[in-house]
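The exercises below are meant for a reader meeting this structure for the first time. Each one sets a task and then works through a solution step by step.

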Amino acid sequence: ASIDDTLVRTTFVPSSFKCWLEIAATIMKKKQREEMSTLFLFSLLTLTVSINVAYGGGNSQDQNPFTPKAYVSRYWDRHVRNTFPKPSFLLSKASPLTAADTASFTNLAATNTLSTRLPEFCSAAHLLCFPEVRPSLEKHTEDENFQTYDDGQNFTNYGTNRAGGIDTFKNYSNGLFSTPVNDFRRYSRGAAGHQETFTGYASDTNVADQSFNTYGTNTAGGSGEFKNYSSNSNVPNLRFTTYSDLTAGRTQSFSRYSEDGNSGGQTFQSYGKNSAGAGNDFTGYGTNSNVASSGFTNYGKGGAIPNDTFTNYGVDMNVPEITFKSYADGTHGGSESFANYRDQSNVGDDSFQSYAKNTKEGTQVDFKNYGNSANPGSDTFKGYAKGAEGDHKVGFTGYGVNTNATFKDYAKEGVSFASYNTSSSSSTVGGSLVKRWVEPGKFFRESMLKEGTVMAMPDIRDKMPQRSFLPRSLLVKLPFSSSKIEELKSVFKVSDNSSMEKMMMESLGECERAPSVGEIKRCVGSVEDMIDFATSVLGHDVGVWTTENVNGFSKNVMVGRVKGMNGGKVTKSVSCHQSLFPYLLYYCHSVPKVRVYEADLLDPESKAKINHGVAICHLDTSAWSPTHGAFVALGSGPGEIEVCHWIFENDMTWTIGE
């Protein structure tokens, strides 16, 4: 047993029981535990009864002084020195673990055995943990129709050697707070004429992890259709590995695939390898998505007469990252067509490496209306069509990337350019494109923060998976660095190349990134660590603020009473934003030269108060990127204007007390 020394000093414990605990602590420190065990246990029992009586009884953990939540409340009292009300929205994120569970899981973490009780730990601590998807020995030989289907499924040995038939996945794993993990392995292997349709699949999901492995191998004919797949999803991770290899005449269609998504990525590896007459059609792929990535590696390698079409691919995307590596190498005949590709997108990068290398006679690749970006991105062609034999054709029509295009080791013969635009100036960005890339109301000028202004409120809802902090006593027992990623993966049973691994690596990378000039930063996984960081930057007279609720999101609101924090003076603050990690993790950093405001938000029609917003205005934007969304939306550049934004749900900003 151990005694929380801070408990002895708290004011709500009756003085007589304080005395008992102080005596118990003194004697225990002299290692006379056996003699005091009965007295100590009696004191704790009496103390608990007295507290329950004082607080009206009940079983709430908040009434138990030994829980992590109670400890955090006392920690706030000791480190924050003002009369502001305690921030319930922050303290509510403290660990829900009981004192007994905290001790138990801390001991397991200290001995590197926490993974043996991972499901219990994740449930009790309110963490984000993906279910383990294991191979299944079940065989499914009949047609299946999955409608309004849940997640966490493994489709193994599914549809093997099927002749004809169709499987339908409709309204599968949908929902904003769904984190679906599904694995399609050895699916439709050796089938003939089998069809699969994925419609309304994984839409509006959060951190979806979908894997298609050895899918459709050795099939003849048949088709797979992905329609309205993973639309409006947040940080999806979709993998197609060894997909449709050694097939004959099989077609795949990707329509309205990953539209309006946020971040995340899709990878196609060893896709359609050594296949004959395979056709893949990517239409309406990634439209209006934000910072999404697609990777095509060893795609269509060694195929015969493939027919792949990329139409309306990456249109109106914001910062797309698309890589074609060892794509269509060694193919014989067939065609690859890129039409209306990455049209009117905002910056981003495309890379074609070892593309169409060593292709045989009759191969044709066409780029039409390619890369007419509204703002310049970059295109790199390295080792493109190198070693191609015979009558191969590569045509560029209406190709308008800009001066950031690079051609290296490019085939000199069989290549034609028509209407190739290398202008370094970006296109004029129209209002409709701005709205697609930057949500209305996401950024605004300081002059908008005055009573009576009607303005758009962006979608300030928290789309991150719901999680809780860990107690610091447990947190310090867990590894936290990219150099220890394998240990972290072992603790949380994270698979290689999974979305969980990617999001952990990205969060660790951001945490380990060198701070910008003048920036002080720290990643925190406990309330105590956040309090320590904020007070180390701002002092102990601090307050922490966030927007009260999400009412009014994606609508117009009217600004009511406005008040400047710290008397409206230019000050510095500490802003904290969530990062994706198994437990609640915040990236906190100092923000110099800001003004912070709180404002009542009203319904424009009824004038009734619907929210109480907190906004921060950055007065020095000179170090921001010229392509920052704020400048796209407001029409200016670094250092020329101040930029304001609301504090979104579950984000927060710390300021000096008034």
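## Exercise 1: The disulfides

Task: find how many disulfides the structure holds, and say how the bonded cysteines are paired along the sequence.

Solution. The structure, which is a predicted model, holds four disulfides. A disulfide is a covalent bond between the sulfur atoms of two cysteines. When the bonded cysteines of the protein are numbered in sequence order, the pairing reads 1-2, 3-4, 5-6, 7-8.

## Exercise 2: Three of the links in turn

Task: for the links Cys511 to Cys523, Cys576 to Cys588 and Cys617 to Cys644, work out the handedness, the elements joined and the burial of the cysteines.

Solution.

Step 1. Cys511 and Cys523 are joined with a distance of 2.0 Å from S to S, and the link is left-handed, with -95 degrees about the S-S bond. This pair links distant parts of the chain, since Cys511 belongs to helix α11 and Cys523 to strand β23, twelve residues apart. Both Cys511 and Cys523 are buried.

Step 2. The sulfur atoms of Cys576 and Cys588 are 2.1 Å apart. The torsion about their S-S bond is about 115 degrees, and therefore the disulfide of Cys576 and Cys588 is right-handed. Because Cys576 lies in strand β26 and Cys588 in strand β27, the pair ties together parts that are twelve residues apart in sequence. Cys576 has a relative accessible area of 0% and is buried, and Cys588, with a relative accessible area of 0%, is buried as well.

Step 3. Cys617 and Cys644 are joined with 2.0 Å from S to S, and their link is right-handed, with 110 degrees about the S-S bond. Here too distant parts of the chain are linked, with Cys617 in strand β28 (residues 609-618) and Cys644 in strand β29 (residues 643-646), 27 residues apart. Both Cys617 and Cys644 are buried.

## Exercise 3: Helix α11 and its surroundings

Task: compare the reach of helix α11 with the expected span, then identify which of its residues are buried and what they pack against.

Solution.

Step 1. Helix α11 covers residues 499-512, which is 14 residues, and from its first C-alpha to its last it reaches 20 Å, close to the 20 Å expected at 1.5 Å a residue.

Step 2. The buried residues in α11 are Ser499, Met500, Glu501, Met503, Met504, Ser507, Leu508 and Cys511. As background to such a list, an α-helix has 3.6 residues a turn, so residues three or four places apart point the same way.

Step 3. The buried residues of α11 pack against the helix α10 (485-492) and against the strands β6 (209-215), β8 (237-243), β23 (521-524), β26 (571-579) and β27 (585-602). One of these partners, β23, also holds Cys523, to which Cys511 of α11 is linked.

## Exercise 4: Two residues with positive phi

Task: locate Ser554 and Asn566, and decide whether each is buried, partly exposed or exposed.

Solution.

Step 1. Ser554 lies in the loop between β24 (542-545) and β25 (555-564), and its phi is near 60 degrees, a positive value in a residue other than glycine. Because its relative accessibility is 45%, Ser554 counts as partly exposed.

Step 2. Asn566 is found in the loop between β25 and β26, with a phi near 55 degrees, again a positive value in a residue other than glycine. Its relative accessibility is 16%, so Asn566 counts as buried.

## Exercise 5: Aromatic pairs

Task: state how many aromatic pairs a search of the whole structure finds, and classify the pair of Trp76 and Trp654.

Solution.

Step 1. Nine aromatic pairs are found in the whole structure. The ring centres of Trp76 and Trp654 are 5.9 Å apart and their planes stand at 35 degrees, so this pair is tilted. It links distant parts of the chain, with Trp76 in helix α4 (residues 68-79) and Trp654 in strand β30 (residues 652-656), 578 residues apart.

Step 2. Both Trp76 and Trp654 are buried. Elsewhere, Phe480, Phe581 and Tyr583 form one aromatic cluster.

## Exercise 6: Confidence

Task: give the average pLDDT of the protein, and name two stretches where pLDDT stays under 50.

Solution. The protein averages a pLDDT of 77, and 72% of the residues score at least 70. One stretch with pLDDT under 50 is residues 30-62, for which the model has 35 contacts beyond four places in sequence. Another is residues 422-430, with 15 such contacts.

Note on methods
Residues are numbered from 1 along each chain as its sequence is written. This is a predicted model: local features need pLDDT of at least 70, side-chain atom pairs count only at pLDDT 80 or more; totals for chains, interfaces and linings use all residues. Side-chain values use heavy atoms; hydrogens and water are left out. Rings of Phe, Tyr and Trp (its six-membered ring) pair if their centres lie within 6.5 Å; planes under 30 degrees apart count as stacked, over 60 as edge-to-face and the rest as tilted. Helices (H or I, at least four residues) and strands (E, at least two) are DSSP runs, numbered from the N terminus. Buried means under 20% relative accessible area, exposed over 50%, partly exposed in between (1.4 Å probe, protein chains only). pLDDT is the predictor's confidence in each residue, from 0 to 100. Contact means heavy atoms within 4.5 Å. The expected span of a helix is 1.5 Å times one less than its number of residues. A disulfide is a pair of cysteine sulfur atoms within 2.5 Å.
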